[in-house]
Amino acid sequence: MNEFVTWEMLVNYSTLVTIVFMVVEFTKNLKLFDTLPTKYYSAIISVLLIVLTHLQAGTFELWDIVLYVLSGIVISLSANGLSDFNKVIK
């Protein structure tokens, strides 16, 4: 990666999954969020980033909130899968 994160990067699925994973891993142990299950916390982060990206691009539509939430769930599950990938199965 040769540049910092940009709004244009956040419209790419794989970049958004990576950013959500990174933000959640960095902040999930804060006292403010430690009672919220990680899968719900990552979904909130995903939806928030999707909404902010569309607001910044000027493409936000109220009717699309359903699509933002569904996309946020998919991104959240993918980001959580990255976290689970290296767990030792007992």
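A residue counts as buried when its relative accessible area is under 20%. Ser 76 comes out at 2% relative accessibility, so Ser 76 is buried by that cut-off. The structure in question is a predicted model, and Ser 76 makes a handy way into it.

Ser 76 sits in helix 3. Leaving aside residues up to four places away in sequence, Ser 76 touches Lys 39, Ser 42, Ala 43 and Ser 46. With Ala 43 there is also a polar link: a polar atom of the Ser 76 side chain lies 3.3 Å from the backbone nitrogen of Ala 43. Helix 2 runs over 38-57 and helix 3 over 65-85, which puts these partners of Ser 76 in context.

Stepping back to the whole chain, the fold is easy to describe. There are 3 helices and 0 strands, and reading along the sequence gives the pattern α-α-α. The chain has 90 residues, of which 26% count as buried. As for the surface, the chain exposes about 6800 Å², with 68% of that supplied by carbon and sulfur atoms. Contacts were also sorted by sequence separation: taking those between residues at least 6 apart, 55% join residues at least 24 apart.

Next comes the largest pocket, which holds about 170 Å³ of space. Its lining includes Leu 10, Val 11, Asn 12 and Tyr 13, along with Ile 50, Thr 53, His 54 and Ala 57, and Ser 71 and Ile 75 are also among the lining residues. Helix 1 (13-27), helix 2 and helix 3 each put at least two residues into that lining. Helix 2 gives the largest share, with 4 residues. In terms of chemistry, the lining splits into 7 nonpolar and 5 polar residues, with no charged ones.

Two of the polar lining residues, Thr 53 and Asn 12, are worth a look side by side. Thr 53 lies in helix 2, while Asn 12 belongs to the segment before helix 1. Thr 53 has a relative accessibility of 6% and therefore counts as buried. Asn 12, on the other hand, has a relative accessible area of 38%, so Asn 12 is partly exposed.

Their polar partners can be set out in the same way. The side chain of Thr 53 reaches the backbone oxygen of Leu 49 at 2.7 Å. For Asn 12, the polar contact runs from side chain to side chain, with Ser 14 as the partner at 2.9 Å. Thr 53 also touches Trp 7, Leu 10 and Val 11, again not counting residues up to four places away in sequence. Of these contacts of Thr 53, Leu 10 and Val 11 also line the largest pocket.

The last residue to pick out is Ile 65, found in helix 3. Ile 65 is partly exposed, because its relative accessible area is 35%. Ile 65 and Val 51 are 14 residues apart in sequence, and their C-alpha atoms are 8.0 Å apart in space. Ser 76 is likewise found in helix 3, but its 2% relative accessibility makes Ser 76 buried, whereas Ile 65 is partly exposed.

Conventions. Residues are numbered from 1 along each chain as its sequence is written. This is a predicted model: local features need pLDDT of at least 70, side-chain atom pairs count only at pLDDT 80 or more; totals for chains, interfaces and linings use all residues. Side-chain values use heavy atoms; hydrogens and water are left out. Buried means under 20% relative accessible area, exposed over 50%, partly exposed in between (1.4 Å probe, protein chains only). Contact means heavy atoms within 4.5 Å. Accessible areas come from the Shrake-Rupley method with a 1.4 Å probe; for residues, only the protein chains shown count as cover. On a 1 Å grid over the protein atoms alone, a cavity is a set of points where a 1.4 Å probe fits but cannot get out, and a pocket is an open set with protein on both sides within 12 Å along at least five of seven lines; lining residues have an atom within 4 Å of a point. Grid points are joined across faces, edges and corners, and a volume is the space filled by probe spheres set on the points. A polar contact is a pair of N or O atoms within 3.5 Å; within protein, one must be able to donate a hydrogen and the other to accept it, and residues adjacent in sequence count only if both atoms are side-chain atoms.
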